[in-house]
Amino acid sequence: MTLPIYAHDRPVALIETGRDGPHVQYEDAWRTEASFPISLSMPLTAARHGPEIAVPWLMNLLPEGEPLRAMTHALGVSRDDVLGLIAETGRDLAGALTIGAPRTAERPGYRKIKEGLDLERIIAELPSKPFLVGEDGVSMSLAGAQEKLPVALVDGAVAIPVNGASSTHILKPDNPRLAGSVQNEALCMVLARRCGLKVAPVTTGLAGERSYLLVERYDRTGEGEAVSRLHQEDFCQALGRPPAAKYEFNGSGVRGPSLAEMFALVRAHMTARDINGLLDAVIFNIAIGNVDSHAKNYSVLLAPRRIELAPLYDLMSGLDWPNITQNHAQAIDDQRRGRHIYGRHWRRMAEACGLSRPGVIRRIDALSARLLAELPAAVDEVAGMPAGADRMLPVFAASIGERARLVQANAKRDPEDAEPPPAEPLEEHRTYGDV
């Protein structure tokens, strides 16, 4: 099988199947016209990249877990047939690329959905019909283990992209097994923005009896027929890791990215502003108890002559749901439990990541203080969104405030009698997508 890769209708590369697996071969014109690489793991300085890089990059374009199982069942394609799945879903992916068939005579467009019962029905069908696979003209995919749907806003109404049209938003339904999940994520995203972090804009909505989060895509710009795609990739793609290795400690047999590796990637390709942005993101995720801030939830925007850290997304607090791990996705030094991270852990992390040890402690104090100051206004902002407050919103806010105060205090102390808590077994590392 050979699959072409396009960016804005320009040929970028070919995915060619060899005996050892798929290779990515850049088009000569793409390499010589000051274009962007499709991945930091596949620089333009080399014309051809082998399966050891191509396969993880492709796998990270697909969903995981139950959405992937449902997709393979609906399409009749094996989950091991990565190219077959990409060929069926590659018209609207994360980033600027389309993979598979070139543009056809069919005009890209949008199929409007009636708010209320029609949208509620689509949400209800997502577990068995992820990304509306199999519907005429629909071909799209997003990574991750949570149910979601790429959509567009057309004249203020939710619409489905067809025939290769670009989505502009991501619709994330409520999770019946995680009470208040929409308000939880909305609160964490709003709070991050109010704290000065670069974050994707969000709002909430109602569809019959269901609520949902609507996230504006940072890898899209413009409106209507003028929507353009911006290229991006997640840190697993940039570091050549398969999606199963998105956690630093996992059961895949491949060690996931550590914070030291993530900071090294940013330092090699980006600016001091991006390094500070990544540091703020790490601190914020510890302070809100976001245990699922894995490497696929950090991304890079790739453009000609400019590479930068992408806005944050998928921010949630795992402090108030039962059966959710309290181990964070990456260790701070050798500690993964947020409530047991002390000053010595932050200082050793700073040294390993090439950061100023006193500077990191000062930043923890400043960001935690701002988080606590902005928390009440963030709660009010979420409560004023269309889906309302939900009974869990004040519960989430109280737990986040308590954790932020603890993180702020612990960064200034190193109790000699503090015993490290036992780490959870890997098989018990249940996160939001597993519930």
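**Exercise 1. Two helices in contact**

Which residues in helix 6 meet which residues in helix 11? Find them in the predicted model, then describe how the two helices pack.

*Solution.*

Step 1. Start with the two elements: helix 6 covers residues 181-194, and helix 11 covers residues 357-383.

Step 2. List the helix 6 side of the contact: Gln-183, Ala-186, Leu-187, Val-190, Leu-191, Arg-193 and Arg-194. On the helix 11 side you should find Arg-370, Leu-371, Glu-374, Leu-375, Ala-377, Ala-378, Val-379, Glu-381 and Val-382.

Step 3. Sort this contact between helix 6 and helix 11 by class: ten residues are nonpolar, one is polar and five are charged.

Step 4. Now turn to the geometry. Two packed helices are described by the angle between their axes and by the distance between those axes. For helix 6 and helix 11 the angle is about 130°, and the axes are 9 Å apart. That makes helix 6 oblique to helix 11. Their crossing is right-handed.

**Exercise 2. A second pair of helices**

At what angle do the axes of helix 3 and helix 4 cross, and which residues make the contact?

*Solution.*

Step 1. Locate helix 3 at residues 65-75 and helix 4 at residues 82-89.

Step 2. Read off the geometry: the axes come within 11 Å and cross at roughly 80°. An angle from 65 to 115 degrees counts as roughly perpendicular, so helix 3 is roughly perpendicular to helix 4.

Step 3. Name the residues. Helix 3 contributes Leu-68, Met-71, Thr-72 and Leu-75, while helix 4 contributes Leu-85, Glu-88 and Thr-89.

Step 4. Sort them as before: the contact of helix 3 with helix 4 has four nonpolar, two polar and one charged residues.

**Exercise 3. Follow one residue of helix 6**

Is Gln-183 buried or exposed, and which residues does Gln-183 touch beyond four places away in sequence?

*Solution.*

Step 1. Place the residue: Gln-183 lies in helix 6.

Step 2. Check its accessibility. The relative accessible area of Gln-183 is 4%, and buried means under 20%, so Gln-183 is buried.

Step 3. Look for its neighbours. Leaving out residues up to four places away in sequence, Gln-183 touches Val-382, Ala-387, Gly-388, Ala-389, Asp-390 and Leu-393.

Step 4. Pick out Asp-390 from that list. Asp-390 sits in the loop between helix 11 and helix 12, and with 35% relative accessibility it counts as partly exposed.

**Exercise 4. Backbone angles to notice**

What is the phi of Asp-390, and what is the phi of Asn-323?

*Solution.*

Step 1. Recall the usual pattern: most residues other than glycine have a negative phi.

Step 2. Compare Asp-390 with that pattern: its phi is near 65°, a positive value in a residue other than glycine.

Step 3. Do it again for Asn-323, where phi is near 65° and positive, in a residue that is not glycine. Asn-323 is in the loop between strand 16 (306-309) and strand 17. With a relative accessible area of 61%, Asn-323 is exposed.

**Exercise 5. Salt bridges across the sequence**

How many salt bridges does the structure hold, and which parts does the pair Arg-10 and Glu-33 tie together?

*Solution.*

Step 1. Begin with the total: there are 27 salt bridges.

Step 2. Take Arg-10 and Glu-33, whose closest N and O atoms are 2.5 Å apart. Arg-10 is in strand 2 (residues 10-18) and Glu-33 is in the loop between helix 1 (28-32) and strand 4 (48-49), so the pair ties together parts that are 23 residues apart in sequence. Arg-10 is partly exposed at 35% relative accessible area, and Glu-33 is partly exposed at 46%.

Step 3. Move on to Arg-348 and Asp-333, which meet in a salt bridge at 3.0 Å, N to O. Here helix 10 (residues 343-352) holds Arg-348, and the loop between strand 17 (327-332) and strand 18 (335-337) holds Asp-333, so the linked parts are 15 residues apart in sequence.

Step 4. Finish with Arg-344 and Asp-414, where the closest N and O atoms are 3.6 Å apart. Arg-344 lies in helix 10 and Asp-414 in the segment after helix 12 (393-410), so this pair ties together parts 70 residues apart in sequence.

Notes. Residues numbered from 1 in each chain as written. Predicted model: local features only at pLDDT ≥ 70, side-chain atom pairs only at ≥ 80, totals over all residues. Heavy atoms only, no water. Salt bridge = Lys/Arg side-chain N within 4 Å of Asp/Glu carboxyl O. Helix = DSSP H or I, 4+ residues; strand = E, 2+ residues; numbered from the N terminus. Buried < 20%, exposed > 50% of the residue type's maximum accessible area, 1.4 Å probe, protein only. Axes fitted to C-alpha atoms, helices over the stretch in contact; angles between N-to-C directions. Parallel < 35°, antiparallel > 145°, perpendicular 65-115°, else oblique. Left-handed = near helix turned anticlockwise from the far one by under 90°. Contact = heavy atoms within 4.5 Å. Nonpolar A, V, L, I, M, F, W, Y, C, P; charged D, E, K, R; others polar.
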